[in-house]
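This report examines a single protein chain through its charged pairs, its backbone geometry and its nonpolar and aromatic packing. The sequence and structure are shown first.

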Amino acid sequence: MDAHELDWNRTLREQWEFHWNHQIRARLDGLTDDEYFWSPVPDAWSVRPRGSSTMPMPFGAGDFTIDYAFPQPVPAAFTTIAWRLGHVIVGVLAARNASHFGAPAASYETWEYAPNAATALDQLEAQLDVWLAGVRGLGEAELRVPIGAKEPFPELPMVDLVLHIHRELIHHLSEVCLLRDLYLHTKAATNGATR
């Protein structure tokens, strides 16, 4: 590759991989179940044992479901780390991996949500691996192909979907990190700890 050519695929992957490797991944280490399910406000949406949700539309195929309502409330519901990770794992990654990269079908309704933080992080890493392998396999011509009816804006090229997914990952996983900070400082304050 000469200096006038740009490796779009590498550049797209590095947008996410740099953020993951240098800003997010280490911040998720040690995530506890208490943090995972912690709700700093009443009635936050979360992942809950089947039958315990008070939301009108809990989704999920396993022992745990994710809270949901349609139409969505205004203002939007506050969500726990468990909910945010469930959204990233299923709505951002697994559904796209199924639609675009041949992974098994996935939806909010059919997913088996993680009952604990360690399982959620394992699910997240597994879906990230599938996503990045799929993106890595896209050539420049494939990045220009319209994404089609699998997405809300079918006329947009695949490169737009890749950029959108990376923005979603950066956005939501940064929120998870912020909630971990809030948990740490809230628990420290209630336990009388000082820094």
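## Salt bridges at Arg25

In this predicted model, Asp29 and Arg25 are joined by a salt bridge whose closest N and O atoms are 3.2 Å apart. Asp29 is partly exposed, at a relative accessible area of 45%. Arg25 is likewise classed as partly exposed, with a relative accessible area of 21%.

Arg25 also forms a salt bridge with Glu125, and here the closest N and O atoms are 2.8 Å apart. This pair links distant parts of the chain, since Arg25 belongs to helix H1 (residues 8-28) and Glu125 to helix H4 (residues 117-136), 100 residues apart. Glu125 is partly exposed, its relative accessible area being 30%.

## The Arg27–Asp181 bridge and the wider count

A further salt bridge connects Arg27 with Asp181, with 2.6 Å between the closest N and O atoms. Arg27 is in helix H1 and Asp181 in helix H6 (residues 158-190), so this pair ties together parts that lie 154 residues apart in sequence. Both partners are partly exposed: Arg27 has a relative accessible area of 33%, and Asp181 one of 31%.

Through shared partners, salt bridges join Arg25, Asp29 and Glu125 into one network. The count of salt bridges comes to ten.

## Helix H3

Helix H3 (residues 81-101) bends by about 30° at Leu93. Of the 21 residues of H3, 17 are buried, so the helix is largely enclosed by the rest of the structure. After H3 comes Gly102, which has a positive phi, near 75°.

## Backbone features in the loops

Most residues other than glycine have a negative phi, and most peptide bonds are trans. Against this background, two cis bonds and one positive phi value may be noted.

The peptide bond from Phe70 to Pro71 is cis, with omega near 0°, and Pro71 is located in the loop between strand S2 (64-66) and H3. The bond joining Val74 and Pro75 is also cis, with omega about 0°. Pro75 is placed in the loop between S2 and H3 as well.

Asp43, a residue other than glycine, has a positive phi, near 60°. Its position is in the loop between helix H2 (33-37) and strand S1 (47-49). Asp43 is exposed, because its relative accessible area of 65% is over the 50% cut-off.

## Nonpolar core

In soluble globular proteins, nonpolar side chains tend to be buried together. The largest nonpolar core of this model holds 49 residues, and the members that touch the most others are Trp20, Tyr36, Leu85, Leu93, Leu124, Leu169 and Leu173. Two or more residues are contributed to this core by each of H1, S2, H3, H4 and H6. Leu93, one of these highly connected members, is also the residue at which H3 bends.

Which residues does Tyr36 contact, leaving aside its neighbours within four places in sequence? Tyr36 is in contact with Leu31, Thr80, Ile81, Ala82, Leu85, Ala114, Pro115, Asn116, Ala117 and Ala120. Among these partners is Leu85, which, like Tyr36, is listed with the core residues that touch the most other members.

## Aromatic contacts

A pair of aromatic rings is described by the distance of the centres and the angle of the planes. The count of aromatic pairs comes to eight. In one of them, Trp38 and Tyr183 are arranged edge-to-face, at 5.3 Å centre to centre and with 80° between the planes. Trp38 lies in the loop between H2 and S1, whereas Tyr183 lies in helix H6, so the pair ties together parts that are 145 residues apart in sequence. Trp38 is buried, with a relative accessible area of 13%. Tyr183 also counts as buried, at 14% relative accessibility.

One aromatic cluster is formed by Trp45, Phe59, Tyr68 and Trp83. In addition, a charged side chain is set over a ring: Arg84 lies over the face of Phe78, at 5.2 Å from the ring centre.

Definitions and conventions. Residues numbered from 1 in each chain as written. Predicted model: local features only at pLDDT ≥ 70, side-chain atom pairs only at ≥ 80, totals over all residues. Heavy atoms only, no water. Salt bridge = Lys/Arg side-chain N within 4 Å of Asp/Glu carboxyl O. Buried < 20%, exposed > 50% of the residue type's maximum accessible area, 1.4 Å probe, protein only. Helix = DSSP H or I, 4+ residues; strand = E, 2+ residues; numbered from the N terminus. Bend = angle between axes of the 7 residues up to and from the residue. Core = buried A, V, L, I, M, F, W, Y, C linked by side-chain atoms within 4.5 Å. Contact = heavy atoms within 4.5 Å. Phe/Tyr/Trp six-rings, centres within 6.5 Å; stacked < 30°, edge-to-face > 60°. Lys NZ or Arg CZ within 6 Å of the ring centre and 35° of its normal.
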